[in-house]
Amino acid sequence: MRVIDVSATSGFKWIAEAFVMFRAQPLAWISLTSGWLLASLLMLLVPLVGAPLMSVAQPGFFAGFVIACRDQEMGKPVSTSHLLAGFRLNGRPLIHVGSVSLLAESAVALTIGMLGFFDALKGFNQTPSVEALSAAVSSVGGLWFVAVVAMLLIKGVFWFTAGIMAHEPMPAPHAIRWSFFALVANFIPLAVFGALMMGLFFVALVPWGLGLLVFVPIYAICHYTSFKSVFRADAG
């Protein structure tokens with residue numbers, strides 16, 4: 001397995017290829033991703049440990065999406081059973097990846113919290129309004145930007161781990177290292193992909209969020225289309 005550099009337009013191609021795969025089995029993908037959202041919500045409702053549990057489980061779900069895509073390309077149907085396919089294949093290392101990701105995001109949250117980020121948002125929480133939000137954002141200044149960039153970089157570092165571990169089971173540190181190399185080599189196409197997906201998300205919200213029925217499956221499938229584009233198995 002090796003990482004290759006792809007063009008900036010690949011960020012668009014990943015989405016286009018994902019849409020083609022979704023269009024081939026739309027109801028199956030809607031069912032699968034709806035099951036993912038429901039499972040995540042149920043975990044989130046567990047007192048105290050729900051939110052961390054949900055975060056730690058996400059790489060396992062994403063690996064299941066990758067396996068579903070691979071099966072679809074082999075002519076097999078996509079089904080809700082794919083939701084747990086990643087856990088069955090490589091469960092413990094995927095949980096480890098989720099744990100490392102959670103620790104990284106928690107470290108960012110703790111750091112910006114120590115710098116007063118969350119204190120600045122208290123006014124907005126007490127009296128939610130456009131003016132209160134504007135005042136809160138202004139008060140934290142560049143810290144808001146730093147927090148967003150840090151979280152996006154963490155997501156970028158871990159983006160390819162699901163595809164890697166669904167393709168070739170390996171320890172979590174190895175998968176994270178491969179994913180990091182892929183991010184460094186393909187930062188621009190990933191940035192283009194992220195910007196396009198953000199724009200599509202807001203489009204999907206109108207009207208009444210019905211577009212999410214298409215957006216969420218495409219987001220899930222992109223874990224496979226991006227991995228397939230960036231990684232090659234013709235070198236050891």
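**Exercise 1. The surroundings of helix α11**

Determine which helices the buried residues of α11 pack against, and establish how these residues are arranged around the axis of α11.

*Solution.* Step 1. The buried residues of α11 pack against α1, α10 (172-185) and α12. The structure is a predicted model, in which local features need pLDDT of at least 70 and side-chain atom pairs count only at pLDDT 80 or more, while totals for chains, interfaces and linings use all residues. Residues are numbered from 1 along each chain as its sequence is written, and side-chain values use heavy atoms, with hydrogens and water left out.

Step 2. Fix the terms. A residue is buried under 20% relative accessible area, exposed over 50%, and partly exposed in between (1.4 Å probe, protein chains only). Contact means heavy atoms within 4.5 Å. Helices (H or I, at least four residues) and strands (E, at least two) are DSSP runs, numbered from the N terminus.

Step 3. List the residues. In α11, P189, L190, F193, M197 and A204 are buried. Seen down the axis, the buried residues of α11 fall within an arc of 95°, so they line one face of the helix; the arc is that of the directions from the helix axis to the C-beta atoms. The face turned away from this buried side carries the exposed residues I188, A195, F202 and V203.

Step 4. Check the length. The expected span of a helix is 1.5 Å times one less than its number of residues. Helix α11 has 18 residues and reaches 25 Å from its first C-alpha to its last, close to the expected 26 Å.

Step 5. Examine one residue of α11. F201 is found in this helix and, at 32% relative accessibility, counts as partly exposed. Neighbours within four places in sequence aside, F201 is in contact with L212 and F215. The C-alpha atoms of F201 and V216 are 8.8 Å apart, and these two residues are 15 residues apart in sequence.

**Exercise 2. The two sides of helix α1**

Identify which residues of α1 are buried and which are exposed on the other side.

*Solution.* Step 1. Helix α1 (residues 10-24) has 15 residues, which should span 21 Å; its end C-alpha atoms are 21 Å apart, in agreement.

Step 2. The buried residues of α1 are S10, G11, W14, I15, A18, M21 and F22. These residues cover an arc of only 150° around the axis, which puts them on the same side of α1. F12, R23 and A24 are exposed on the other side.

Step 3. An α-helix has 3.6 residues a turn, so residues three or four places apart point the same way.

Step 4. The partners of the buried residues of α1 are α2 (26-44), α3, α11 and α12.

**Exercise 3. Two buried residues of helix α12**

For T225 and S226, find which backbone oxygen lies by a polar atom of each side chain.

*Solution.* Step 1. T225 is found in helix α12 and is buried at 1% relative accessibility. A polar atom of its side chain lies 3.1 Å from the backbone oxygen of W14. Residues up to four places away in sequence not counted, T225 touches W14, E17, A18 and M21.

Step 2. S226 also lies in helix α12, and S226 is buried with a relative accessible area of 0%. The backbone oxygen of C222 lies 2.6 Å from a polar atom of the S226 side chain. On the same counting, which leaves out residues up to four places away, S226 touches W14, W159 and F160.

**Exercise 4. Salt bridges**

State how many salt bridges there are and which parts of the chain the E73 and K228 pair ties together.

*Solution.* Step 1. A salt bridge is a side-chain nitrogen of Lys or Arg within 4 Å of a carboxyl oxygen of Asp or Glu. By this rule the count is two.

Step 2. In one of them, the side chains of E73 and K228 meet at 2.8 Å, N to O. E73 lies in helix α3 (residues 50-73) and K228 in helix α12 (residues 212-230), so the pair ties together parts that are 155 residues apart in sequence. E73 is partly exposed, at 44%, and K228 is partly exposed, at 34%.

Step 3. The side chains of E105 and K155 also meet in a salt bridge, at 3.0 Å, N to O. This pair links distant parts of the chain, with E105 in helix α4 (residues 85-114) and K155 in helix α8 (residues 142-158), 50 residues apart. E105 counts as buried at 15% relative accessibility.

Note on methods:
Polar contact = N/O pair within 3.5 Å; in protein donor to acceptor, adjacent residues only side chain to side chain.
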